[in-house]
Amino acid sequence: MIVDFGMIDLLMCIALAVAQAAAAPPAKRSSPWLLVPVVSSNPKLGTAFGGMGAYLHKFDPDSQVSLFGAMYQYTTTDSSIAGAFARTSWGADHHRIVALAIFGYIKNDYEDYLGTGQPLKTSDDMHAFASRYLYRVAGNWFIGAQGSAANYQVLGETAEDDFVLETLGIRGFESAALGAVAMHDSRDNPDMPTKGWYLNVNNFAYSEALGGSSTYDAYRVEGRAFMPHGRGHVLAFRQHNWFTHDAPAAAQATVQLRGYKFGEYLAPYMSSFEAEERLAFNSRWGATLFGGVAGLYGQSDTTSAGQDFYPMWGAGIHFVVKPSERMLINLEYAQGIEGNHGVYLKFGYGW
């Protein structure tokens, strides 16, 4: 388990992707309550089953739908994750708040941890909270602040696994951080965009003075672009960077691509690039073809051995469940190297 806001951000993205995809109810729907199943299969947690329930409310006509809800998943690896979240928009969408609390017991099974050739099994007990506030300053530009607090306990499944964790310096710890956010978002829809671009630049300053066990910094820069072509097709690009400074071993950057186990490969810095063709067969059915590569770099005792670049490719099909609200269900297969792969069934695209 990576004790860094990166994992919190990943879990937030999972929760929000489900929430956002279901956030636009039909105009004639009277009930403010929403209940949807959550099913996924990936190399990290195995096959997961669960659900999400949320209360929907619109504070004013020019704001997005706000959600307040909870989610739970149980996996075939005997892992469980529960969370509560809120995503609010008010003041003609000039103010946005996202907050997420996550509680989980996660069992990991790495076949080749950090490229050492050493298998490793861990059980991670996680409690985390993260929040982000954004204010629209002009046009599609937002600025804001964010904070996080987490407590991780990482234990080996066997005495041999504990020895590997100790040798590599991988241990759980408490963390607390504050940071700033700058964002641009001109996408025509957050769940099924056909045009526009998105940029998010943010940082977290982890500090012992805030109650954490270590002081270090983490920075993220992510850009996405969407270009329509043909009859409803969209060519999308994503470039993502994750940089850490003085981070302990378990809080360094990791490969964050579909098909790879989160936290199996670590380094101080990670950069990735993805391209995705989103094909529309008709108003409801479509397909995705995607590929990308992530690079790990920077000197560290835990930098993955013998491998610097991690390619990924895959394909999927999607079904638009509500064309007017542009809500879709997406089934994808992603293939990496060194035995990494994943199958994902979820609401919305991969990003």
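This briefing describes the fold, confidence, strand pairing, cores and one buried arginine of a single chain. The model is predicted, and its 351 residues include a buried share of 50%. The chain holds two helices and 18 strands. Its average pLDDT is 82, with 78% of the residues scoring at least 70.

**Confidence**

- Residues 1–30 have a pLDDT below 50. In the model this stretch nevertheless has 92 contacts beyond near neighbours in sequence.

**Overall contacts and surface**

- Of the contacts between residues at least 6 apart in sequence, 57% join residues at least 24 apart.
- The exposed area of the chain is about 15000 Å². Carbon and sulfur atoms account for 62% of that area.

**Strand pairing around E9**

- Strand E9 covers residues 196–206 and runs antiparallel to strand E8, residues 174–185, with seven bridges joining the two. Within this pairing, Val-181 has Asn-202 of E9 as its bridge partner.
- Strand E10, residues 216–229, also pairs with E9 in the antiparallel sense, here over 11 bridges. Asn-203 has its bridge partner in E10, namely Tyr-219.

**Nonpolar cores**

- The largest nonpolar core comprises 23 residues, and the members that touch the most others are Val-255, Tyr-260 and Leu-296.
- At least two residues of this core come from each of E9, E10, strand E15 (285–297) and strand E16 (309–322). E15 gives the most, contributing three residues.
- Another core, of 19 residues, lies apart from the largest one. Leu-34, Leu-56, Ile-106 and Ala-128 are among its members.

**The environment of Arg-278**

- Arg-278 belongs to strand E14, which spans residues 269–280. Its relative accessibility is 2%, so Arg-278 counts as buried, the cut-off being under 20%.
- The side chain of Arg-278 forms a polar contact of 2.7 Å with the side chain of Glu-276.
- A polar atom of the Arg-278 side chain also lies 2.9 Å from the backbone oxygen of Trp-351.
- Beyond its neighbours within four places in sequence, Arg-278 is in contact with residues including Pro-193, Phe-226, Gly-232, His-233 and Val-234. Ala-236, Ala-287, Thr-288, Tyr-349 and Trp-351 are also among the residues that Arg-278 contacts.
- Trp-351 thus appears both in the contact list of Arg-278 and, through its backbone oxygen, at 2.9 Å from a polar atom of the arginine side chain.

Key
Residues numbered from 1 in each chain as written. Predicted model: local features only at pLDDT ≥ 70, side-chain atom pairs only at ≥ 80, totals over all residues. Heavy atoms only, no water. Pairing = 2+ DSSP bridges. Helix = DSSP H or I, 4+ residues; strand = E, 2+ residues; numbered from the N terminus. Buried < 20%, exposed > 50% of the residue type's maximum accessible area, 1.4 Å probe, protein only. Polar contact = N/O pair within 3.5 Å; in protein donor to acceptor, adjacent residues only side chain to side chain. Contact = heavy atoms within 4.5 Å. pLDDT = per-residue confidence, 0-100. Core = buried A, V, L, I, M, F, W, Y, C linked by side-chain atoms within 4.5 Å. Areas by Shrake-Rupley, 256 points an atom, 1.4 Å probe, with all protein chains shown as cover.
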